[in-house]
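Work through the exercises below with the sequence and the 3D view side by side. Each task is followed by its solution in steps.

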Amino acid sequence: MSYALRDHTADVAVEATGETLDSVFEAVADGMAAAMAESIPEGGERFSLAITAEGREQLLFDYLDDLIYERDVRGTLPIDNRATVSAPSESEGVADGGGGRWRVEATARGVALDRVEARDLKAVTYSEMDLSQTEEGWHAYVVFDV
Amino acid sequence: MTTYDADGITLERVREYVWEIPREGDMRVPARVLASEELLDEISEDKTLQQLKNATHLPGVQEHAVCMPDGHQGYGFPVGGVAGIDAEDGCISPGAIGYDLNCGVRMMTTPLTYDDVRGREAELVDTLFANVPAGLGGGGVYEGSKADVEEILERGVEWALAEGFALPSDLDHCEDEGRRTDADPSRVSRKAKDRGKNQVGSLGSGNHFLEVQRVTDVYRDDVAREFGLEADRIVVLVHCGSRGLGHQVCTDYLREIEQTHAGMLDRLPDRELAAAPAGSQLAEDYYGAMCAAINFAWVNRQLVMHRAREVIAKLFDLDTGEMELLYDVAHNIGKKEVHRIEGEERELYVHRKGATRAFPAGRPELPAAYRDVGQPVIIPGSMGAGSYVLRGGENSMDVSFGSTAHGAGRLMSRTQAKQEFWGGDVRDDLRDHQQVYVKAESGATVAEEAPGVYKDVDEVVRVSDALGIGDRVARTFPVCNIKG
């Protein structure tokens, strides 16, 4: 898995790839942390979060949104992200006409913000968002409002 | 007819500085760009024009979607975009208002002149930096409880006055006297309130800052006098918004609208334009929540300004009452306003994203202090360039739904800026060559906000003045700048 910060006139974009959906989610989340801080120290406690959403892209959006929320409320920068993404189960899909919920169970290491030289990143956006399957695995592109 | 071709989009010149993209396809109205050719060259470099065209697809949009002279690409709706949308059978779109609800600017006047401050800039910038919370996780002037946040959302600057963070005249010099009565705090999510709790009175980062400035030029003496401005006078400018609380409100409603009004979204060309139909429950809920976030942002700027006022009073042996709020303007905001459309008065949701309300003299919405002279408009520039004070021009109601520009748009991306500049060099250069003292939480922010990354604010303001939508009153130049 890997990520890169991309040029965007007013904001910042993260482009990421991963062999699996899990790893591309993790890469985007780590890219988001990199957009906030150039170097991150060791230490900090891990915390967990679980999110559900109606679709894959929406799940990525909500997952990143929740990491920003946790950052503000815990006062920590979430890094070394781990994510396990699951598709709606078949029974769920049948029960509500295919509109089942996607789910991500994730953890992150939260480094206290006063230990990091970090900048704010305000919100996730759908602008130019991409989450698609490629020959090598998965590709994602997310623009953040700075 | 004079036309301008921009990568597949043709603009027709309506008159000087007014360009129109004619209606085609699913556009409900034409789109207009207010710019000189020089500015149009910059505006047409990114996706601004396509985003402006997309904005005309919103149901109920009136007359034309308008791009201000400082427009640039946003997400969904361009920054510098204005759309007046029928409040009865149109819609309201969070993405057309922006994530940082009531991001805006205020200016405070002081009795000091540049001579009083000269030689003490380092002390001033250090003391302000030590006292005004900035950056990520820096806390706020006020550590609020959940109950405090509810009060702030409901009462706006009235809360700040009651808590000792305002002077009575601050309320007289703020839009809506610092309180949006349409606010409904119960429509703001717990998540948003959680994020707001420890950010009351904080600058944040990015392009937000607090700046001590000196007035360098006065263009309209009579208006400047009414505003308390004269050459060499020291003023303080505060640029920030509703912090995490406002961003969360926008995100929450964008997602909820996307799920509830998928039908409307399917007919729009960009997901970021997701809109709730006027009259729907979600439109009402979002409007109530947004107005509450507007109150939060006013309180945020009020606390930052009041802290700066106390610092300056102490350093220069002044009374806090000697420093008055000139005005506070929002540049990411949606408001119900009555406008004249084809000869008839209509209530609109006026969406201003990176655009400033610029009402001319005589409008009943203006505070008594400015009703005869016109609304003060504050246009922040970059660290090495001036900022401007304008007043609402008499053509603004006809040309731009009572709006003008909001600042100098970005020219260079943040990543590119960091490759071109190093924060320390930018800071030293500004100090040694321009006598501007900068102090920031993050060196990267200084590089990203270097003077060279912004468009020329002088040209933006010149066009606003020439169009009569925002008249030039005075120009200021930074003395000290603190940021996140």
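**Exercise 1. Confidence**

Task: find the mean pLDDT of chain A, then the elements of chain A with the lowest and highest mean pLDDT.

Solution. Chain A has a mean pLDDT of 91, and 92% of its residues reach 70 or more; pLDDT is the predictor's confidence in each residue, from 0 to 100. Next, go by element: helices (H or I, at least four residues) and strands (E, at least two) are DSSP runs, numbered from the N terminus. Helix H3 (residues 90–95) of chain A has the lowest mean, 58. Strand E7 (residues 130–133) of chain A has the highest, 98.

This is a predicted model, in which local features need pLDDT of at least 70 and side-chain atom pairs count only at pLDDT 80 or more, while totals for chains, interfaces and linings use all residues. Residues are numbered from 1 along each chain as its sequence is written, and chains are lettered from A and ligands numbered from 1 in the order in which they are written.

**Exercise 2. The contact between the chains**

Task: state how many residues each chain puts into the contact, and which element of chain B gives the most.

Solution. Count residues in contact (C-beta atoms, placed from the backbone, within 7 Å). Chain B supplies 34 residues and chain A 29 residues. On chain B, elements with at least two residues there include strand E5 (65–75) and helix H10 (243–260). H10(B) gives the most, with six residues.

**Exercise 3. The sheet of chain B**

Task: give the strand order and name the edge strands.

Solution. Strands pair if DSSP finds at least two bridges between them. Eight strands of chain B form an open, mixed sheet in the order E1-E2-E3-E4-E5-E6-E14-E13. Strand E1 (3–6) and strand E13 (332–341) of chain B each have a single partner strand, so one side of each lacks a neighbour in the sheet. E1(B) pairs with strand E2 (residues 9–15) of chain B in the antiparallel sense over four bridges. There, Tyr4(B) has Leu11(B) in E2(B) as its bridge partner.

**Exercise 4. Two packed helices**

Task: describe how H10(B) and helix H12 (residues 281–316) of chain B pack.

Solution. Two packed helices are described by the angle and the distance between their axes. Axes are lines fitted to C-alpha atoms, for helices over the stretch in contact; angles run from 0 to 180 degrees between N-to-C directions. For H10(B) and H12(B), the angle is about 170 degrees and the axes are 9 Å apart. The pair is therefore roughly antiparallel (over 145 degrees).

Terms used
Two residues are in contact if their C-beta atoms, placed from the backbone, lie within 7 Å. Angles under 35 degrees count as roughly parallel, over 145 as roughly antiparallel, 65 to 115 as roughly perpendicular and the rest as oblique.
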